[in-house]
Amino acid sequence: MKIKTSATARTVFSEKELMADDSKKIAFIGRSNVGKSSLINKLLNRKNLARTSSKPGKTVSVNYYFINESFYFVDLPGYGYAKISKKESQRVKALISSFFSTVRNLKLIVILIDSRRGFTDPDIEILSQLLDKKFKMLTVLTKSDKIGTSGLLNQKTNLQNKFGLKVISFSIKLNINREEILDNINEALME
Ligand SMILES: Nc1nc2c(ncn2[C@@H]2O[C@H](COP(=O)(O)OP(=O)(O)O)[C@@H](O)[C@H]2O)c(=O)[nH]1
Ligand SMILES: [Mg+2]
């Protein structure tokens, strides 16, 4: 799939502002600091459309990007960051839950997992909510430049076997698999 245009469409801070229309959507989800904004920028060939941060736990908002004037990327708030207040962390979880319970025409969920850490407890918590809802899912292993090839392979097989999910590795440094991820997105949009 070729990305021709991308623009910020909406930034949402509360449940009632979430988009409730029938437009096609691709959601990106993962722990705070996993590399979500970096992946979105790479996919869209944009330097800083989704803001990246070396400090985790910054954005508690849902960001919608309008792509090729036809569908949306939805950047969900990062979860699982220990250093935010309990109240703030509950706000993140509530926003994520209401997104998944109200969203229409969600074609694919891209779940991002740090190559070095694999699925952690907060990931499992979110994932269990999602598996119940039968959404189509793709797992992207981020920061794969930080792990050796055999470690990466182990991590992939582990996730594939354990959760039956399709897994693709990614790195902003190595420039790998951008096309493959976009192809998976495109395929999901066609369904
Ligand atoms: N080495 C390496 N660092 C990365 C990669 N992807 C993201 N990062 C870094 O990880 C930090 C968090 O990235 P960001 O995209 O803001 O994560 P988000 O919180 O999930 O949106 C930033 O300092 C990025 O530069 C990657 O593939 N390799
Ligand atoms: Mg981000």
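Which residue follows helix 4, and is its phi positive or negative? The residue after helix 4 is Gly 164, and its phi is positive, near 65°. Welcome to this predicted model; let us look around, starting with that helix. Helix 4 runs over residues 149-163, 15 residues in total. From first C-alpha to last it reaches 21 Å, close to the 21 Å expected at 1.5 Å a residue.

A little further along the chain is Lys 166, which lies in strand 7 (residues 166-169). Lys 166 counts as partly exposed because it has 13 C-beta neighbours inside 10 Å, where 12 or fewer would make a residue exposed and 20 or more would make it buried. Setting aside residues up to four places away in sequence, Lys 166 touches Leu 138 and Thr 139. Its C-alpha is 8.5 Å from that of Val 140, 26 residues apart along the chain.

Next comes the interior. The largest nonpolar core holds 36 residues, and Phe 28, Val 74, Val 110 and Leu 112 have the most contacts inside it. Eight elements are worth finding by eye; some of those supplying at least two core residues each are tabulated here.

| Element | Residues |
|---|---|
| Strand 2 | 24-30 |
| Helix 2 | 86-102 |
| Strand 5 | 106-114 |
| Helix 5 | 178-190 |

Strand 5 gives the largest share of this core, six residues. Leu 112 is in contact with residues including Phe 28, Val 34, Leu 39 and Val 140, leaving aside neighbours within four places in sequence.

Finally, ligand 1 is surrounded by 20 residues, the closest being Gly 35, Lys 36, Ser 37, Ser 38 and Thr 52. This shell divides into three nonpolar, twelve polar and five charged residues. Helix 1 (residues 36-44) gives the most to the shell, with three residues.

Methods. Residues numbered from 1 in each chain as written. Chains lettered and ligands numbered in written order. Predicted model: local features only at pLDDT ≥ 70, side-chain atom pairs only at ≥ 80, totals over all residues. Helix = DSSP H or I, 4+ residues; strand = E, 2+ residues; numbered from the N terminus. Expected span 1.5 Å × (residues − 1). Near = placed C-beta within 6 Å. Nonpolar A, V, L, I, M, F, W, Y, C, P; charged D, E, K, R; others polar. Contact = placed C-beta atoms within 7 Å. Core = buried A, V, L, I, M, F, W, Y, C linked by C-beta atoms within 7 Å.
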